[in-house]
Amino acid sequence: MARVAFFDKIGGPEVIQWRDVTLPPPGKGEVWMRNTAVGLNYIDTYHRSGVYPVDLPSGLGSEAAGVVMAVGEGVTDFAPGDRVGTFGPSRGAYATECNVPANQLFKLPDTLDDRTAAAMLLKGTTAEFLVERCAQVQPGQTVLVHAAAGGVGHILVGWLKATGAAVIASVGSEDKAARTRKAGADHVILHKSEDIATRVREITDGEGVPIILDGVGGATWAASLDSAARRGLIVSYGNAGGVVDGVNLGILARKGSLFVTRPTLFDYYVTPEERQAGIARLFAMLDSGAITPEIGQTFALEDAADAHRAVESGETSGSTLLLP
């Protein structure tokens, strides 16, 4: 019997329910996976709350590490006993066991333990596509990173430094500022007591920054506009601080002919080749020490509702894991 999370209506963390499920044998092209660590990502809260609509009832979570228990017809790349990971896009990772499409799995190297994998896969590939495929950051550029102490933000700081960029990091507390400096940030802004755009202009001698990586959304949209250099790029990749609605194209002209994009990971990880290249790049960055996992907190798997509350209230730092 597998223990599986689901929700049949949108709402707060209280809508998350659990049930016992007898998993069917893995179907054609599927792998039966026993989860040893599950990654919690902010997108999970978007699915649960309806920010990103999904068909109901729905499972939760897309990131996990574990071991193969059995394989379905046609699966030749995996065998029982293999250590594997997934970062979606299929949902249902909040479970002790699940059947996963084989084309969404990859083998974990011996150098990567399960908890680190579950903490890094989705967030690490997100950092990869944001820096290297979407923004195409170049050595010597200065990049503003909002929520730089969060799961993706922490990885972004290390990735950008390895790329040769200078990093201005925005965080919410002195504790988070210290961790972000340790990760390599060149400048740290405490957004609760400092005006982000004013400090960015001071740091850049009035020029602003050519690239902004904004995973917060509505709460930082104005600051991002005011922090961008002429012809700067704002990459708005998350909604932790609310959705950005009603974007006025005219303001992009008034702020200096700005560019804005709202990317999602799986528009950059479409083909097997794109997925494999991104994962290989992530593993290489981990092996080099350019990025390091920061598991800020762990919860029991069935305490997922409490974990959602902690993440949404800003009480967490780094990655959050759910442990079966």
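A residue counts as buried here when its relative accessible area is under 20%, and as exposed when that area is over 50%. Keep that cut-off in your pocket while we walk through this predicted model.

Start with His47, since it puts the cut-off to work. Its relative accessibility is 12%, so His47 falls on the buried side. You'll find His47 in helix 1, which covers residues 42–49. What does His47 touch once neighbours within four places in sequence are set aside? Its contacts are then Phe7, Tyr52, Val54 and Arg91.

Now zoom out to the whole protein chain. Buried residues account for 52% of its 324 residues. The secondary structure adds up to nine helices and 15 strands. The radius of gyration comes out at 20 Å, close to the 20 Å that the globule rule gives for 324 residues, so the chain is as compact as a globular protein of that length. If you'd rather think in boxes, the C-alpha atoms fill roughly 60 × 40 × 35 Å along the principal axes.

How is the chain wired together? Take the contacts between residues at least 6 apart in sequence: 68% of them join residues at least 24 apart.

On the outside, the chain exposes about 13800 Å², with carbon and sulfur atoms supplying 51% of that area. As for charge, there are 28 positive and 37 negative ones, and their mean positions sit 3 Å apart.

Finally, the annotation: an unreviewed UniProt entry places the feature "domain: Enoyl reductase (ER)" at residues 11–322. Over that stretch the chain is 32% helix and 25% strand, and its end C-alpha atoms are 20 Å apart.

Definitions and conventions
Residues numbered from 1 in each chain as written. Predicted model: local features only at pLDDT ≥ 70, side-chain atom pairs only at ≥ 80, totals over all residues. Heavy atoms only, no water. Helix = DSSP H or I, 4+ residues; strand = E, 2+ residues; numbered from the N terminus. Rg over C-alpha atoms; globule rule 2.2 N^0.38 Å. Buried < 20%, exposed > 50% of the residue type's maximum accessible area, 1.4 Å probe, protein only. Contact = heavy atoms within 4.5 Å. Areas by Shrake-Rupley, 256 points an atom, 1.4 Å probe, with all protein chains shown as cover. Lys, Arg positive; Asp, Glu negative; His and termini not counted. Charge placed at Lys NZ, Arg CZ, Asp CG, Glu CD. UniProt positions renumbered as here; feature names shortened; annotations may be inferred.
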